[in-house]
Amino acid sequence: MRRTKAVLTGLCLIVLVAACGERGQPSSAPPATSAAPAQSPAPGDHPLTLRHNGQDRAYLLHAPPGYDPNRSSALVIALHFYPGTGAAMRELAGLDARADKDNVLVAYPDGVGGGFNALVCCGTQDDVGFLNALTDHLVRTWRADPNRVFLTGISNGGDMSFRAAVEGAGRYAAIGVVSGGYSGSLTTAESYVPENPVSVITFIGGQDRYASIFQTGVRTWQQRLTCRPGPKASGAPRVTRTVAGCADGSEVDVYTITDMGHSWPGATAGQLAAPAAGLSATDLMWEFFAAHPRRA
């Protein structure tokens, strides 16, 4: 009798745990459960996990020295290339120094198998659901400001930023895409654009073998959102910038670096660094994010 009672109690606990998970999937998919171990928000570097769809998803959270859990902070989620890791993205992008100065949280998730299930590759994970659940968790537990949540990424991580911008149900105010693009079978539908305004800053290397794909993707994005590009301007030698205002109030800034390949302009360390690109993607997107909180 005692054994039967214990088994029934265990089953009840399992049901309760499953019922307490967060919604993390796009609206077209079945609900997914996510849960995180108890955490004590504080300054520092925190290797953490979030359980999503029965799997522990790892991420590093950098909280600046001035972080105060009683005050809201902007949040940047940085997505790595394929194959890569959150640690590799951290080394490449150099976001922590800016975060320490401006009191911003930065999260570096690991993709499963070294990649994210973005627009053209890599894997089959529910990465949109994972990023949505991660955002919700950091808003709730770490007091990230829901109006100042931003995504950035390079290559596969840049593609993933575009996908999450569309499918993130208004969670992301702006994205910063480096050597990545809006392409693939999902993007063939005219309706595949954000329902809420999401501003975009993107950096394209003129020598990148995917440059024409990235440029076509930006033009498609602008056309679908009725964006009006202004005249081209040169902000640095061999760099062209265009700025477009869109009908929904978002903005699209495009930097084309003539002599750069598939890289992160201005990065001084890490794989895909381009220290001689003539500009810093990190500095420019940081300023862009600060100027583009979520629009109602």
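Let me start with two helices, α3 and α7. In this predicted model, α3 covers residues 95-102 and α7 covers residues 281-291. They pack at an angle of about 35°, and their axes are 10 Å apart. The crossing of α3 and α7 is right-handed. On the α3 side, the residues in contact are Leu95, Arg98, Ala99 and Asp102. On the α7 side, they are Thr282, Asp283 and Trp286. Sorted by class, that contact has three nonpolar residues, one polar residue and three charged ones.

Just past α3 there is a residue to look at. Asn103 sits in the loop between α3 and β5. Its phi is positive, about 60°, although Asn103 is not a glycine. Is Asn103 buried, partly exposed or exposed? Its relative accessibility is 21%, and buried means under 20%, so Asn103 counts as partly exposed.

Now the whole chain. The secondary structure comes to seven helices and 14 strands. The chain has 296 residues, and 50% of them count as buried. The exposed area is about 13400 Å², with carbon and sulfur atoms supplying 54% of it. Take the contacts between residues at least 6 apart in sequence: 66% of them join residues at least 24 apart.

For one residue with a partner far along the chain, go to Ala144. Ala144 is in strand β6, residues 144-154. What does Ala144 touch, leaving aside residues up to four places away in sequence? The list is Ser73, Leu75, Leu105, Leu138 and Val139. Ser73 is 71 residues from Ala144 along the chain, yet their C-alpha atoms are separated by 4.9 Å. Ala144 has a relative accessible area of 3%, so Ala144 is buried.

On to the cysteines. How many disulfides are there? The count comes to two. As a reminder, a disulfide is a covalent bond between the sulfur atoms of two cysteines. With bonded cysteines counted along the chain, the pattern is 1-2, 3-4.

The pair Cys121 and Cys122 comes up here. Their sulfur atoms are 1.9 Å apart, and they form a disulfide. The peptide bond that joins Cys121 and Cys122 is cis, with omega about 10°. So this pair is linked through a disulfide and also through a cis peptide bond; the 1.9 Å sulfur distance is within the 2.5 Å cut-off. Cys122 lies in the loop between β5, residues 105-109, and α4, residues 127-141. The two cysteines fall in separate exposure classes. Cys121 has 31% relative accessibility, so Cys121 counts as partly exposed. Cys122 has 11%, so Cys122 counts as buried.

The other pair is Cys227 and Cys246, joined by a disulfide with an S to S distance of 2.0 Å. Which hand does this disulfide have? The torsion about the S-S bond is about 95°, so the disulfide is right-handed. Cys227 is in strand β9, residues 227-229, and Cys246 is in strand β11, residues 239-246, so the pair ties together parts that are 19 residues apart in sequence. Why does each of these cysteines count as buried? Buried means under 20% relative accessible area. Cys227 comes in at 11%, so Cys227 is buried. Cys246 comes in at 9%, so Cys246 is buried as well.

Right beside Cys227 is another backbone point. Thr226 is placed in the loop between α6, residues 211-224, and β9. Thr226 has a positive phi of about 50°, and it is not a glycine. At 48% relative accessibility, Thr226 counts as partly exposed, because exposed means over 50%.

The last item is a proline. Where is Pro83? Pro83 is found in the loop between β4, residues 73-79, and α2, residues 86-93. The peptide bond from Tyr82 to Pro83 is cis, with omega near -15°.

To go back over the backbone points: cis peptide bonds occur from Tyr82 to Pro83 and between Cys121 and Cys122. Positive phi values occur at Asn103 and at Thr226.

Technical notes. Residues numbered from 1 in each chain as written. Predicted model: local features only at pLDDT ≥ 70, side-chain atom pairs only at ≥ 80, totals over all residues. Heavy atoms only, no water. Axes fitted to C-alpha atoms, helices over the stretch in contact; angles between N-to-C directions. Helix = DSSP H or I, 4+ residues; strand = E, 2+ residues; numbered from the N terminus. Left-handed = near helix turned anticlockwise from the far one by under 90°. Contact = heavy atoms within 4.5 Å. Nonpolar A, V, L, I, M, F, W, Y, C, P; charged D, E, K, R; others polar. Buried < 20%, exposed > 50% of the residue type's maximum accessible area, 1.4 Å probe, protein only. Areas by Shrake-Rupley, 256 points an atom, 1.4 Å probe, with all protein chains shown as cover.
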